[in-house]
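Reader: Hello! I would enjoy a close look at one part of this model, taken strand by strand. Could you walk me through it?

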Amino acid sequence: AVELFHDNSKKIETISTGVLITGSDDGDGGAKGDFKFLNTSGTLKMMFDASTAQFEFLDDSSATFGSGDDLIIKHNGTNSFIDNNTGDLYIQTTGSGDDIIIQSNDDIQLEPQAGQDGIKVIGGGAVQLYHNNSLSLYTTSTGFRTSGQGEFDGGIRLTDTRSIDFGDSADLSIYHNGSDSYIDDAGVGSLLIRTTTNSNISIKSGSDFMAKFQSADSVELY
């Protein structure tokens, strides 16, 4: 071995597998105290802080993983980065019933591509969903709204007394009150039921006709 001492106390020695730091021996052949790592210019870039039992990477210092720096974790003095350069990035928990919780004191934003909005979670506000960088749906204090046409492949089901309202002042409502169903026109203007030319309108009870309205022809009542 090659051994290095300070004030007659051994601090570092070489061993067959590398280097052993034994200064301030903790009884297990290890060491206690701060360990500092400087770059070639002498600037401190990383250290082990014994008082807090943690590794500290200073600004613009990176922790890299993989043979080709495939995963990089760093802070540049302003923002923090988890930079995955190869394959997929998995954030996962393997414990049964364990959740993944992402917390922020401000907003949370997911960008599928750089500068392209995907999901925004506004602190104390809305959750916004985007399609191809255009806002499509967002929550409000009373529910949610869409910025375009909504499509519901599984249909829409409302419980009793819940209504679908149309018009700025709920001028037209469709609902079921638990006993009867209503198409309730409570706004201005008339209630018009229209069909295209050469199409008929029928009103049935089950399979039995109650009325037929023939296009440009007769009205039949049953």
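What follows is a walk through one open sheet, with a short look at a few residues elsewhere.

Author: Gladly! Please keep in mind that this is a predicted model. Let us start with the open sheet of 5 strands, whose order is β10-β11-β12-β13-β14 and whose pairing is antiparallel. At its edges stand β10 (108–110) and β14 (143–146); each has a single partner strand, so one side of each is left without a neighbour in the sheet. On average, neighbouring strands here are turned by 15° against each other, direction ignored.

Now we can step across the sheet from β10. This strand pairs with β11 (residues 119–121) in the antiparallel sense over 3 bridges. Within that pairing, glutamine 109 has lysine 120 in β11 as its bridge partner.

The next step takes us from β11 to β12, again antiparallel and joined by 3 bridges. Here isoleucine 119 stands opposite leucine 129 of β12. The two strands make a hairpin with 5 residues between them, and glycine 124 in the turn has a positive phi of about 70°.

Strand β12 (residues 127–131) deserves a pause, since its side chains alternate. Gln128 and Tyr130 point to one face and are buried, whereas Val127, Leu129 and His131 point to the other and are not.

From β12 we move on to β13 (residues 134–140), which runs antiparallel to β12 and is joined to it by 4 bridges. Leucine 129 turns up again in this pairing, standing opposite leucine 137 in β13. The hairpin of β12 and β13 has 2 residues between the strands, and asparagine 132 takes a positive phi near 50° there.

Next, a nonpolar patch on the surface. Among its members are Phe144, Phe152, Leu158, Phe166 and Ile193, and the patch as a whole has about 1,000 Å² of accessible area. Isoleucine 193 sits in the loop between β17 (181–185) and β18. Its relative accessibility is 68%, so isoleucine 193 counts as exposed.

Two charged residues round off the tour. Lysine 204 belongs to strand β18 (residues 201–205) and is partly exposed, at 46% relative accessibility. Leaving aside residues up to four places away in sequence, lysine 204 touches Phe209 and Met210. Aspartate 49, by contrast, is buried, because its relative accessible area of 13% falls under the 20% cut-off. Aspartate 49 lies in strand β5 (residues 44–49), and its contacts, again not counting residues up to four places away in sequence, are Asp34, Gln54 and Glu56.

Terms used. Residues numbered from 1 in each chain as written. Predicted model: local features only at pLDDT ≥ 70, side-chain atom pairs only at ≥ 80, totals over all residues. Heavy atoms only, no water. Buried < 20%, exposed > 50% of the residue type's maximum accessible area, 1.4 Å probe, protein only. Contact = heavy atoms within 4.5 Å. Patch = residues over 30% accessible without salt bridge, like charges linked within 9 Å, V, L, I, M, F, W, Y side chains within 5 Å. Areas by Shrake-Rupley, 256 points an atom, 1.4 Å probe, with all protein chains shown as cover. Salt bridge = Lys/Arg side-chain N within 4 Å of Asp/Glu carboxyl O. Pairing = 2+ DSSP bridges. Axes fitted to C-alpha atoms, helices over the stretch in contact; angles between N-to-C directions.
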